[in-house]
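Biologist: Hi! Could you pull up the model so we can talk it through together?

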Amino acid sequence: MNILKNPYVGTGLSHPELADVPFPSPDVQATKALLARCPVAGVTPLHSVPSLADALGVAEVWVKDERDRMGLGSFKALGAAYVIACDAENGAARGTTYVTASAGNHGLSVAAGAAAFGARAVIYLAHTVPEAFADRLRATGAEVVRAGDDYEASMEAAMQAADDMGAVLLSDSSWAGYTARPHQLMEGYLALMAEVFDRMNAPTHLFLQAGVGGLAGAAAAIARRHWGDDLRIIVVEPEFAPALIASIKAAGPVQTQGPVSAMGRLDCKVPSLIALKGLARDANDFITITEAEGQAGADLADAHKLGSTPSGAAGLAGALALGAQLGLGAQSRALFILSEGPEA
């Protein structure tokens, strides 16, 4: 485990590679308007879990439960499918081929969005992604291509394929020269937090798990605007994929190295530049958790009838491992996002 107090909170990073990168948008109005017209969209549960609060030694625990978002089993349903829905509003989705790489549920969101709006989805997966997930993508109508031994290699293959095919690359990450679509994709995630605001008082701590950082960046931006500077925002990454914490330490984006993590949906070695720029401004702390700690978080969630995965319960794992060092105590009110179901 590792913990880093963010020296840039409130101001953000000044780095040449981030100069032309936008901050995550905190404006949820367009997202809410489009989702209101979606027949499968619905508000996901927000649970108050007193037994989990007792286990963590805090006053309140709240869990935003994304395990059945739009029937896809993950918060990612709000991302790529939202971008494709926006294209459809502009008459640009039908007949379009969308290409992406995925470490997990982003691919399902692309596939579902393409199927809903008459488009084609081609999803590149690393060889380490389980075949059961590839089968889920195929069942949703996507074409699956295996490429590379990790997410970064599969993304390189997807980028080349999109260029060769004249297709639309729809990544949930961002890099220099590629920010418009991931910026819009992250706007879809804002709906998740907007659903929380009317149903609970301000928490003292918000734990956000991160792979490339899209969910964390979007959630932190809107939460900081809504709840102000008293909120402590903690970003949680696998020890094997510390892209954000390493970039904060280096004062600029870096590519990290590490073994394959069992927190597969978070196993991304390079940060999204939009997410990094936003989290450098909005997050108070960056932490990493070990593989064992990730599993302990999933086990704790399951023990309280909130079955998930080490990826989906990584925020909870971070609180379990480092809560005292992050100021969790008897008066604390902690908010977690359960980002996927147990078989996602």
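Biologist: Let's start with S272: is it buried or exposed?

Modeller: Buried, with a relative accessible area of 0%. Keep in mind that this is a predicted model.

Biologist: Where does S272 lie in terms of helices?

Modeller: In the loop between helix 9 (243-250) and helix 10 (273-282).

Biologist: And what does the side chain of S272 make a polar contact with?

Modeller: With the side chain of S174, at 2.6 Å. If you set aside the neighbours within four places in sequence, S272 is in contact with S173, S174 and V212.

Biologist: What about Q255, where is that one?

Modeller: Q255 sits in the loop between helix 9 and helix 10.

Biologist: Is Q255 buried or exposed?

Modeller: Q255 counts as exposed, because its relative accessibility is 55% and the cut-off for exposed is over 50%. Not counting residues up to four places away in sequence, Q255 touches K269 and V270.

Biologist: How far apart are Q255 and G73?

Modeller: They are 29 Å apart in space, C-alpha to C-alpha, and 182 residues apart in sequence.

Biologist: Changing topic to the sheets. What is the strand order in the open sheet of 7 strands?

Modeller: The order is 1-10-9-8-11-3-2, and the pairing is mixed. Strand 1 (2-5) and strand 2 (46-48) are the edge strands, each pairing on one side only. From one strand to the next, the twist averages 20 degrees.

Biologist: Take strand 8 in that sheet. How many of its residues are buried?

Modeller: 5 of its 5 residues are buried, so strand 8 is mostly covered. H205, F207 and Q209 are on one side, L206 and L208 are on the other, and both faces are covered.

Biologist: How does the chain get from strand 8 to strand 9?

Modeller: It crosses through helix 8 (residues 214-227), and this β-α-β crossover is right-handed.

Biologist: And how many bridges join strand 8 to strand 9?

Modeller: There are 5 bridges between strand 8 (residues 205-209) and strand 9 (residues 232-238), and the two run parallel. H205 has R232 as its bridge partner in strand 9, and L206 stands opposite I233.

Biologist: What about strand 8 and strand 11, how many bridges there?

Modeller: 3 bridges join them, and these strands run parallel. L206 turns up here too, standing opposite L335 in strand 11.

Biologist: Which strands does helix 12 lie across?

Modeller: Helix 12 (residues 314-322) lies across strand 1, strand 8, strand 9, strand 10 (285-289) and strand 11 (333-338). Relative to strand 10, helix 12 runs at about 95 degrees.

Biologist: On to the open sheet of 4 strands. What's its order?

Modeller: The order is 6-5-4-7, with parallel pairing. Its edge strands are strand 6 (143-146) and strand 7, each of which pairs on one side only.

Biologist: Which way do the residues of strand 4 point?

Modeller: T97, V99 and A101 point one way, Y98 and T100 point the other way, and all are buried. That matches the count for strand 4 (residues 97-101), where 5 of 5 residues are buried.

Biologist: How many bridges does strand 4 share with strand 5?

Modeller: 5 bridges join strand 4 to strand 5 (residues 120-125), and they run parallel. T97 has R120 as its bridge partner, while A101 stands opposite Y124. Together with helix 4 (residues 105-116), these two strands make a right-handed β-α-β unit.

Biologist: And how many bridges join strand 4 to strand 7?

Modeller: 2 bridges join strand 4 to strand 7 (residues 168-169), again with the strands running parallel. In strand 7, V168 is the bridge partner of Y98.

Biologist: Which strands does helix 6 lie across?

Modeller: Helix 6 (residues 151-165) lies across strand 4, strand 5 and strand 7, running at about 160 degrees to strand 4.

Biologist: Last thing, the cysteines. How many disulfides does the structure hold?

Modeller: It holds 0 disulfides.

Biologist: Are C86 and C268 buried or exposed?

Modeller: C86 counts as buried because its relative accessibility is 12%, where buried means under 20%. C268 is buried as well, with a relative accessible area of 4%.

Key
Residues are numbered from 1 along each chain as its sequence is written. This is a predicted model: local features need pLDDT of at least 70, side-chain atom pairs count only at pLDDT 80 or more; totals for chains, interfaces and linings use all residues. Side-chain values use heavy atoms; hydrogens and water are left out. Two strands pair if DSSP finds at least two bridges between them. Axes are lines fitted to C-alpha atoms, for helices over the stretch in contact, and angles run from 0 to 180 degrees between N-to-C directions. Contact means heavy atoms within 4.5 Å. A disulfide is a pair of cysteine sulfur atoms within 2.5 Å. Buried means under 20% relative accessible area, exposed over 50%, partly exposed in between (1.4 Å probe, protein chains only). A polar contact is a pair of N or O atoms within 3.5 Å; within protein, one must be able to donate a hydrogen and the other to accept it, and residues adjacent in sequence count only if both atoms are side-chain atoms. A crossover is right-handed if, with the strands pointing away from the viewer, the path from the first strand over the helix to the second runs clockwise.
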